[in-house]
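Subject: Structure for you to look over

Dear colleague,

I am passing on the structure we spoke about, and below it you will find an account of what turned up when I went through it. Please read the notes with the structure open beside you.

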Amino acid sequence: MITLKAITKYFNRGSINEVLSLDNINLDVEPGDFVAIIGSNGAGKSTLLNCVAGSHLLDSGKILLNHTEITVWPEHKRAKFMGRVFQDPLLGTCSTLSIEQNLALAKKRGQPRGLGIGVKNRDRDLFREKLKVLGLGLENRLQDKVGLLSGGQRQALTMIMATMIHPEVLLLDEHTAALDPKTAHQIIDLTNKIIHELKLTTLMVTHNMKQALEFGNRLIMLNMGRIIMDVRGQEKKNLTVQDLLAGFYKVQGEAFSSDKMLLVNP
Amino acid sequence: MTWYAFLGALEQGFVYGIMVLGVYLTFRVLDFPDLTVDGSLPLGASVSAVALTHGINPFVSLLFALGSGFLAGVVTALLNTKLKIIHLLASILTMIALYSINIRIMGGPNISLLGTENVLSPLQALGIPGYIASPFIFGILALFATALLIWFLHTELGQALMATGCNPQMITSLGVNTHHIIILGVGISNALVAFSGALIAQNQGASDVNMGVGTIIAGLASVIVGETVFGKSTIARACVAALIGSIIYRIAIALALGIHWGRISFTPSDLNLITALLVIAALVTPKVKERIRRK
Ligand SMILES: Nc1ncnc2c1ncn2[C@@H]1O[C@H](COP(=O)(O)OP(=O)(O)O)[C@@H](O)[C@H]1O
Ligand SMILES: [Mg+2]
């Protein structure tokens, strides 16, 4: 489905602020894979998703989508094949437009837009039906501005929008991190439900180890721009928080001792 | 205020109102502060004036003005999107360049249109006096432009344009090339402004290279006044508010020019100062209110 071949991404390359954000990453995501991605702050998780989505272009390496090379495709062109939900609930929807206007924009993802009316009467039933599933009563508020909604409601709406047109890949970047625990729970359940119903290939970054263990058929741990753990199937099912912490401390410990070495040998 | 003066202000409100719609489109909808308008207003005037002096139909000359304004907007948008020049500077560059271009187009700093046909001629030929004919014709054109803009903003493309101003990341993720949208939007905005400029020239019987000075400030003031008085809860409301704001602004100016303190009174050249102060006040008020509320 999605293949990453030796992708490398720097920020501020050549300056003193240079960061190697992705370091020669290879990854083959199979159709139907639901991959949970974890890693400490700054590990490169967001950068990985941004590179897949085309928000950042690579310094080297290749990205293939269904065997088509998309390495240099701009973000809006890749969007035809990708649904995205961001960490910031404000990023996925447009606050000055109504719920139905946002949904109508999403219904045209990847298609040319012309002078036809934006919100079509015949689409409203579909919108109501999709919103009803959320159980938030949004189906009765089609004309309300999205700016009136809470973060959780907006994130739920973004989930609907991202999957309105079947995406080849769904990209979720800590999309429950900005929500209160109860709402986060609702959104992750909704996410899981949609992914299984539509059999979506998914990359889900999460800050929550429990979430990473509970959801998805595959788990990847990133550290300093590298994949340091890639577990799938039964092996993933048997994984525990202890295993993750062990993997985590192994590399963090190394980083810590190498820092120490630097201090000792100036 | 006399009835005659009121009709005059109404006429100005309508004719400049079309410009205000353009400013609303960039400043409010696209979130693209665009100073090109100070150059594209006289551009429309120059193009229309030259067409008129060559015997071209006044209404056809308006189409030329529309096209020229659109091109000016496209230039600004290209400087911004493709050459990565910040929007304010990109628009100032186009505006400055247009100063020279407008003089080239007119073959001098101004053209008199005395004795040429204009959009009011058909009505005046029927014996309708100018002070009635002009608010009537300009009113129809302004309402038509407003309706067209409201319709456009409800289309698939118009909705994508609104989203581009509000949340570029989101609309990019939905497959829209925001560069194309910005080029289209700034183009349409300046087409409206140039159209307005052409009408102003026809109405005052002359095109002048300096007639665009202060356009952006007058446009902003009108947009802000309109929003304050009429609201902006829906697209239609916000567009109508821009037009109403323009009318109120022109009436306010007419009133201000009528004020006398003994020997002291405002002159037309004071207008830019007054308007600038008005816009500053309007821009600062929400922040001051916010600060007071927090205390
Ligand atoms: N736009 C950017 N400009 C400069 N540095 C960036 C940018 N985005 C990310 N980085 C850097 O790249 C590294 C990885 O960041 P990110 O992918 O956001 O981490 P994560 O999502 O795993 O917390 C960090 O060191 C971060 O500072
Ligand atoms: Mg991140």
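Let me begin with Arg84(A), which counts as buried because its relative accessibility is 11%, under the 20% that sets the limit for that class. Please keep in mind throughout that this is a predicted model. The partner of Arg84(A) is Glu75(A), and the two form a salt bridge in which the closest N and O atoms are 3.2 Å apart. Glu75(A) is buried as well, with a relative accessible area of 15%. As a general point, side chains of opposite charge can pair when their charged atoms come close.

This pair belongs to a wider set, since the structure holds 13 salt bridges over all chains. Another of them joins the side chains of Asp33(A) and Arg218(A), with 3.1 Å from N to O. Asp33(A) sits in the loop between strand 2 (19-29) and strand 3 (34-39) of chain A, whereas Arg218(A) belongs to strand 9 (residues 218-223), so the salt bridge ties together parts of the chain that are 185 residues apart in sequence. Both ends of this pair are buried, Asp33(A) at 4% relative accessibility and Arg218(A) at 3%.

A salt bridge in another setting is the one between Asp125(A) and Arg128(A), whose side chains meet at 3.4 Å, N to O. These two residues are three apart in helix 4 (residues 121-132) of chain A, and therefore about one helical turn separates them. Here Asp125(A) counts as exposed, at 53% relative accessibility, while Arg128(A), at 34%, counts as partly exposed. Returning to the buried pair described before, salt bridges with shared partners join Asp33(A), Arg218(A) and Asp230(A) into one network.

I then turned to the ligand. Around ligand 1 lie Phe11(A), Asn12(A), Val19(A), Ser21(A) and the run of residues Ser40(A), Asn41(A), Gly42(A), Ala43(A), Gly44(A), Lys45(A), Ser46(A) and Thr47(A). By residue class, this shell divides into three nonpolar, eight polar and one charged. Oxygen atoms of ligand 1 take part in several contacts that you may wish to look at one by one:

- a backbone N or O atom of Lys45(A) lies 2.8 Å from a ligand oxygen;
- a polar side-chain atom of Ser46(A) is likewise 2.8 Å from an oxygen atom of the ligand;
- a backbone N or O atom of Ala43(A) is 3.2 Å from an oxygen atom of the ligand.

Taken alone, ligand 1 exposes 560 Å², of which the protein buries 63%. The elements that give two or more residues to the shell are strand 2 and helix 1 (45-53) of chain A, and helix 1 gives the most, with three residues.

Finally, some remarks on chain A as a whole, which contains nine helices and 10 strands. Its C-alpha atoms fill a box of roughly 70 × 40 × 35 Å along the principal axes. For 266 residues, a compact globule would have a radius of gyration near 18 Å, and the 20 Å found for chain A agrees with that. Of the 266 residues in the chain, 51% are buried, and the salt-bridged residues Arg84(A), Glu75(A), Asp33(A) and Arg218(A) are among the buried ones.

With best wishes

Terms used
Residues numbered from 1 in each chain as written. Chains lettered and ligands numbered in written order. Predicted model: local features only at pLDDT ≥ 70, side-chain atom pairs only at ≥ 80, totals over all residues. Heavy atoms only, no water. Salt bridge = Lys/Arg side-chain N within 4 Å of Asp/Glu carboxyl O. Helix = DSSP H or I, 4+ residues; strand = E, 2+ residues; numbered from the N terminus. Buried < 20%, exposed > 50% of the residue type's maximum accessible area, 1.4 Å probe, protein only. Near = heavy atom within 4 Å. Polar contact = N/O pair within 3.5 Å; in protein donor to acceptor, adjacent residues only side chain to side chain. Areas by Shrake-Rupley, 256 points an atom, 1.4 Å probe, with all protein chains shown as cover. Nonpolar A, V, L, I, M, F, W, Y, C, P; charged D, E, K, R; others polar. Rg over C-alpha atoms; globule rule 2.2 N^0.38 Å.
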